[in-house]
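This briefing goes through one protein model, topic by topic. Please keep the sequence and the structure in view while reading.

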Amino acid sequence: VPQVFVARCSAGLFLAGGFPAAYVLAGREAPEDRRGSAMGVVFMAMALSHAIGSMLGGSFLNLLGFRHLFMIIAGVVLTLSGTGLVMRRRRLAAARSTS
């Protein structure tokens with residue numbers, strides 16, 4: 001239980017930075033007259049992810065147990081982080097080649 005408490009607190013700290021970043025990205029990519037809609041879509045996606053993630057997490061916890069579930073989540077996070085880094089490098093390389 002203490003480890004889950006620490007993990008949830010850490011997740012809260014990271015989410016505190018994730019929400020503004022998501023809104024900034026949506027605001028940059030959306031046309032000026034559609035920014036309100038873009039913010040609504042971001043909020044809806046985040047709310048759905050919390051609801052669905054909690055339901056699925058509880059179900060998978062019952063099936064797999066803490067240790068296996070954390071290993072799966074760690075694998076998903078590492079995979080997504082690596083994908084994000086590769087995409088960022090490609091985007092920066094493309095921007096340099098067009099400059």
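Val76 is found in helix α3, which covers residues 66-98. With a relative accessibility of 43%, Val76 falls between the cut-offs of 20% and 50%, so Val76 counts as partly exposed. The model is a predicted one, and the values below are computed from it.

**Two valines**
- Val76 and Gly36 are 40 residues apart in sequence, and their C-alpha atoms are 31 Å apart in space.
- Val24 lies in helix α1.
- Val24 counts as partly exposed because its relative accessibility is 43%.
- Between the C-alpha atoms of Val24 and Met39 the distance is 9.0 Å, with 15 residues separating the two along the chain.

**Overall layout**
- The secondary structure consists of three helices and zero strands.
- In sequence order the pattern reads α-α-α.
- The C-alpha atoms fill a box of roughly 50 × 30 × 20 Å along the principal axes.
- The radius of gyration is 17 Å, whereas a compact globule of 99 residues would have one near 13 Å.
- Of the 99 residues, 8% are buried.
- The accessible surface comes to about 8,400 Å², and carbon and sulfur atoms account for 70% of that surface.

**Helix α1**
- Helix α1 runs over residues 2-29.
- Its 28 residues should span 40 Å at 1.5 Å a residue, and the end C-alpha atoms of α1 are 40 Å apart, so the expected and actual spans agree.
- A kink of about 25° is centred on Leu15 in α1.
- The buried residues in α1 are Ala22, Ala26 and Gly27.
- The cover over these buried residues of α1 includes α2.

**Helix α2**
- Helix α2 takes in residues 35-64, 30 residues in total, for which 1.5 Å a residue predicts a span of 44 Å.
- The end C-alpha atoms of α2 are 41 Å apart, which agrees with that expected span.
- Ala38, Val42 and Met46 are the buried residues of α2.
- Residues three or four places apart in an α-helix point the same way, because the helix has 3.6 residues a turn.
- The cover over the buried residues of α2 includes α1.
- Gly65 follows α2 and has a positive phi, near 90°.

**Nonpolar core**
- Which residues make up the largest nonpolar core? This core has six residues, namely Ala22, Ala26, Ala30, Ala38, Val42 and Met46.
- Helices α1 and α2 each supply at least two residues of this core.
- The most is given by α2, with three residues.
- Ala26 is in contact with Ala38 and Val42, leaving aside its neighbours within four places in sequence.
- In soluble globular proteins, nonpolar side chains tend to be buried together.

**Points to check in the structure**
- On α1, look at Leu15, the centre of the kink of about 25°.
- Between α1 and α2, look at Ala26 with its contacts Ala38 and Val42.
- After α2, look at Gly65 and its positive phi.

Note on methods
Residues numbered from 1 in each chain as written. Predicted model: local features only at pLDDT ≥ 70, side-chain atom pairs only at ≥ 80, totals over all residues. Heavy atoms only, no water. Helix = DSSP H or I, 4+ residues; strand = E, 2+ residues; numbered from the N terminus. Buried < 20%, exposed > 50% of the residue type's maximum accessible area, 1.4 Å probe, protein only. Expected span 1.5 Å × (residues − 1). Contact = heavy atoms within 4.5 Å. Bend = angle between axes of the 7 residues up to and from the residue. Rg over C-alpha atoms; globule rule 2.2 N^0.38 Å. Areas by Shrake-Rupley, 256 points an atom, 1.4 Å probe, with all protein chains shown as cover. Core = buried A, V, L, I, M, F, W, Y, C linked by side-chain atoms within 4.5 Å.
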